[in-house]
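Got your viewer open and a selection box ready? Load the model and follow along, one stop at a time.

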Amino acid sequence: MATNPSNYRVNDVFADWCPGCGDYGIMNALQMAFAELSLEPHRVVMVSGIGCSGKEPHNVRVNGVHTLHGRTLPFAMGIKIANPDLEVLAIGGDGDGLGIGAGHFVNAGRRNLDMTYIIHNNGVYGLTKGQASPTLKRELKTKSLPQPNINDAVNPIALAIISGYTFAARSYAYDVRHLKDTIKMAVQHKGLAFVECLQPCPTYNDINTKDWYAGEDRKDVQGNPQSRLYKLEAEGFDPEVRDWKEDWQKKVAALTKAQEWGDRIPIGVFYKKEYESTYGDRLTTRIPFYLERPPAKQKLRDEKDVSTVDLAEFLDDLKTS
Amino acid sequence: MAIESINWMAGGAQGSGVDAAATIFGRACGYGGLWVFGRREYHSNIKGLHSYFHLRIAKQEILANVNNVDLLAAFDAETIVRHVQEVVPNGGIIVDALEMGMKVEDIPTLPPEFRVQLRKFLAEDEIGETLKDVLDWAQKRNVQVFPVPYRAILTNVGKALGITQLSKITRMINVLTIGVSFALLGYDKSLVERAVRAQFPAKIADMNVIALNQAYDFAEKTFRGNFKHKLEKLDVEEARVFLTGNQAVAMGKVLGGCRVQTYYPITPAADESEYLEAHEILKTRGEDEGIIVIQTEDEIAAINSASGACLAGARAATSTSGPGFSLMVEGLSWAGHCEVPVVVTYYQRGAPATGLPTRHGQADLRFAMHAGHGEFPRIILASGDIQECFYDAATAFNLAERYQMPVIHLIDKAMANCSQTYPVFDYGGFKIDRGNLVTEKDLDGKEYKRFQFTETGVSPRAPLGTRGAVMWYTGDEHNEEGHISEEPLNRRMMMEKRMKKLELVDKEVPADEKMNFYGDKNAENVVVSWGSPKGAIIEAINMLKGEGLSLSFLQMRMLHPLPVEEVKRVLKGKKRIIDVEDNYTGQLGGIIKEKTGISPDYYVLKYTGRPTSTTEVFGALKAILTGKASERTVLMFGN
């Protein structure tokens, strides 16, 4: 059983992110989380899209499926439904998940599959050299934008909550311990868990930088920087829905928190509801043996390779004799 | 020789029960040991526009539709003005007695283009302005007209059921027309009653049986013995089914081991997925199994989640039509590149764009062949009839897994929605070939490389989750482990690894699974085709033989990789090669020319959105063989 983060390192792949990239922190947090959860590498699947974040699976020694731009969730869904025993984590960028893949982002909430979705949010399209991503605030002009951004920003946490995700949390790539704990909670959550991971892009986002998050521009009288990030749990925020009657109230509280930005940016768990049925539960109500014999584990054939299916029920309805 | 058959057509406004009527009619004939071929035509509309069902019934197996109508059961006036010219002498028309006085110009649903044609027809034949005038014209051509007082019969039905509000039971007009039709044809009423009971839940069936009997008795009394055509039942031992292409594909998939099906609603593909969902628990010789049908948010999600399911080791497929397949193209490229055995069932319809969404077409062969950026291997199968739909749907999964590449199964709207009688499919020995699928035991602690170079290009494939194997997939060019690599030598080796699998397909798949050959091998003229024109071509060739004209037929079933040598062997030295397809450009003809250097001499093409009929293919081929046709014939039959 793997219990050390080094067991999840990939030795013959050079991680090719820019120096100082938040992706390293996310990689480390993933390896630590997997180690602490003692997950066997063959049972874990990291599914990614396109962009700098898309390379994340190549640097973690669990199964990796590096897919198409924006299509992380559909691939992850197919894998999870075919074999619900797998621990599936979808990993993508903000452009990947909230721009080109926004339709999948919303619809995944309707299904509540028991898996985790982590979005790397740095406000820019890094791998195509710094265009505005759907999370970049309006009127900002990051380094490589020819003109200030005139689109409003998507709020990932709010969108996840109203779309039906049953766990929504935010963390920060440079607070590896907090991120690791958040990922662990997300993986352990029963249902679709969303983690927004704030992350500076040292190359293209010269506004929401590491120093900006750390509050280097706003020191107190003693000259200590006042970090913009604060932890929801430290303020006693209770994200958990324990009864359907309080669901909407908890949602509103979470949405209100999700609006905060600027000088005070909350991280931590915004919303958590565990009693909602997962897609697997819903399938089980129709196909009682679904979890024991999911699609990937059905026999299909006998020892002579002959298909074991009996089509009598189909054919009886169609018979004219 | 032409096959003797009786052709019944039901037509009416969409939503008025035309489909149900046709299913009941077809089943009733099936119960009497008769063979049925049904063609369904409908607008992209839910209620109101014209739809019809043409059923051809014979004492022997029939493979296609013909132009004739012997008995037209019209639910409304539009059906009569649209189809009156198809009704042959000695045929009959069942009409609502109350509609006889209606002016044809007052039919609200006639499209302007059709009105122009109709006015021309009325003027040329000096026909008056009412429906009765049109029917009088038909009677002059020896067509019998059977006016039926539907309202009066419904009133009686209502009395029997204790219902006074007629609008509650007007839906049963379709069953009334069936009653009248079968009475005219002198067919055993008990078989019709059985078919009605098979169609509806018990309570509704009881009501409909009352309606059926009232109509049957009315017609028997009123028109007794008057109609020239009779339908007799036969004593048959053989077990048969009456089914559509959608249903055949669904069953084939289940047989072939498909356990995840994804789809986004689209005509004419969605019926297949719904049928599967209705049968999601599968009986086997062992424990029950299940197929998960996922309605995704779009076709992009459909193909990619099907690919995901394949990676986890399930057999998975998606079903779509042209617009949906357009959205799947990037996913197809990923699947080809990552050697994913995903199956795409592609129901072609009238295109481009939204095109003719509920109509037929065969214009997507080139698209299926070339869809996707870059070069990657794929297999394209094309079924030619409903039975082939069944077997090919199952075989597609074997090919996909054996060669680790996407398989596109091309079908068309004609097959999807046509219904046909077959002896019950023999599927008992169908073998599942999972190719080089490896398990934990096979790995035996050895290092696993998903894209290991091998002689054939096929690498050992372990599903995600196999103990002892950690693997990577990426849409970037990759090395044997599945990590990104942009190195030129690796790139060359990976391209060759993937592409040479097509040579393996070409070598291993037997010729008789790639093509069918019909008729006289030594005939100097040959027809080439693919897909649903098959039935009409076979029947036409038999009819031509009766006239002393010899012709053979090469039906292509594997279109990619095209079995070049086998095709060359068949076509070489032929006097005339005639390409028959339902598209504008003769796509198969062009592909054959490109791959074999042999060009078709004649093209018989159709792109009206309606399937080819035996009658028109016969006419076109005869004209070619007797030197009366130009290089290109365009077929027009169908309303």
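In which strand of chain B is Asn90(B) found? Select strand β5, residues 87-96 of chain B, and you'll find Asn90(B) there. Keep in mind throughout that this is a predicted model.

**Stop 1: two backbone oddities**

Stay on Asn90(B) and check the backbone torsions. Its phi is near 75°, a positive value in a residue other than glycine. With 13 C-beta neighbours inside 10 Å, Asn90(B) counts as partly exposed.

Now jump to Asp444(B), which is not a glycine either but has a positive phi of about 50°. This one is in the loop between α16 (440-443) and β17 (472-474) of chain B. Is Asp444(B) buried or exposed? Exposed, because there are just 9 other C-beta atoms within 10 Å, and a residue needs 12 or fewer to be called that.

**Stop 2: zoom out to chain B**

Show chain B as a cartoon. You should be able to pick out 23 helices and 24 strands. Its C-alpha trace spans about 85 × 60 × 50 Å along the principal axes. How does the radius of gyration compare with that of a compact globule? For 639 residues such a globule would come out near 26 Å, and chain B has 27 Å, which agrees.

Colour by burial next: buried residues are 56% of the 639 in chain B. As for contacts with a separation of 6 or more, 76% of those in chain B are between residues 24 or more positions apart.

**Stop 3: the eight-stranded sheet**

Asn90(B)'s strand, β5(B), is part of an open sheet of eight strands, so trace the order β6-β5-β4-β1-β3-β2-β16-β7 in chain B; the pairing is mixed. At the edges are β6 (144-148) and β7 (240-244) of chain B, each pairing on one side only. Look along the sheet and you'll see a twist that averages 20° from one strand to the next.

For a close-up, select β2 (residues 35-41) and β3 (residues 50-58) of chain B. They run antiparallel and are joined by seven bridges. One pair to label is Trp35(B) and its bridge partner in β3(B), Ala58(B).

Then add helix α4, residues 131-140 of chain B. The helix lies across β5 and β6 of chain B, and runs at about 150° to β5(B).

**Stop 4: a strand wrapped up on both faces**

Go to strand β12, residues 315-321 of chain B. How many of its seven residues are buried? Seven of the seven, so the strand is largely enclosed by the rest of the structure.

In a regular strand the side chains alternate between the two faces of the sheet. Turn on side chains to see who points where: Arg315(B), Ala317(B), Ser319(B) and Ser321(B) go one way from β12(B), while Ala316(B), Thr318(B) and Thr320(B) go the other way, and all are buried.

Now bring in the neighbours. Five bridges join β12(B) to β8(B), running parallel, and Gln261(B) has Ala317(B) as its bridge partner in β12(B). Five bridges also join β12(B) to β13(B), again parallel; here Ser319(B) is partnered by Thr345(B).

**Stop 5: two cis prolines**

β8(B) and β13(B) also help you find the next pair. Pro268(B) is in the loop between β8 (258-263) and α10 (270-278) of chain B, and a cis peptide bond with omega of about 0° joins it to Thr267(B). Pro352(B) is in the loop between β13 (343-348) and α13 (365-370) of chain B. The peptide bond joining Ala351(B) and Pro352(B) is cis too, with omega about 10°.

**Stop 6: where the chains meet**

Bring chain A back into view. The contact takes 74 residues from chain B and 58 from chain A. Which helix gives the most to the chain B side? Select α11, residues 299-311 of chain B: it supplies nine residues. By class, the side of chain B that touches chain A has 35 nonpolar, 22 polar and 17 charged residues.

There is strand pairing across the chains as well: three bridges join β2 (residues 63-66) of chain A to β17(B), running parallel. Label His66(A) and its bridge partner Thr474(B).

**Last stop: a helix in chain A**

Finish on α6, residues 176-188 of chain A. Its 13 residues reach 18 Å from first C-alpha to last, close to the 18 Å expected at 1.5 Å a residue. The buried residues in α6(A) include Val176(A), Leu179(A), Ile183(A) and Val187(A). To see what covers them, show chain A elements including α1 (22-36), β3 (87-93) and β11 (265-273).

How values were computed
Residues are numbered from 1 along each chain as its sequence is written. Chains are lettered from A and ligands numbered from 1 in the order in which they are written. This is a predicted model: local features need pLDDT of at least 70, side-chain atom pairs count only at pLDDT 80 or more; totals for chains, interfaces and linings use all residues. Helices (H or I, at least four residues) and strands (E, at least two) are DSSP runs, numbered from the N terminus. A residue is buried if 20 or more other C-beta atoms lie within 10 Å of its own, exposed if 12 or fewer, and partly exposed in between; C-beta atoms are placed from the backbone. The radius of gyration is taken over C-alpha atoms; the globule rule is 2.2 Å times the number of residues to the power 0.38. Two residues are in contact if their C-beta atoms, placed from the backbone, lie within 7 Å. Ala, Val, Leu, Ile, Met, Phe, Trp, Tyr, Cys and Pro count as nonpolar, Asp, Glu, Lys and Arg as charged, and the others, Gly among them, as polar. Two strands pair if DSSP finds at least two bridges between them. Axes are lines fitted to C-alpha atoms, for helices over the stretch in contact, and angles run from 0 to 180 degrees between N-to-C directions. The expected span of a helix is 1.5 Å times one less than its number of residues.
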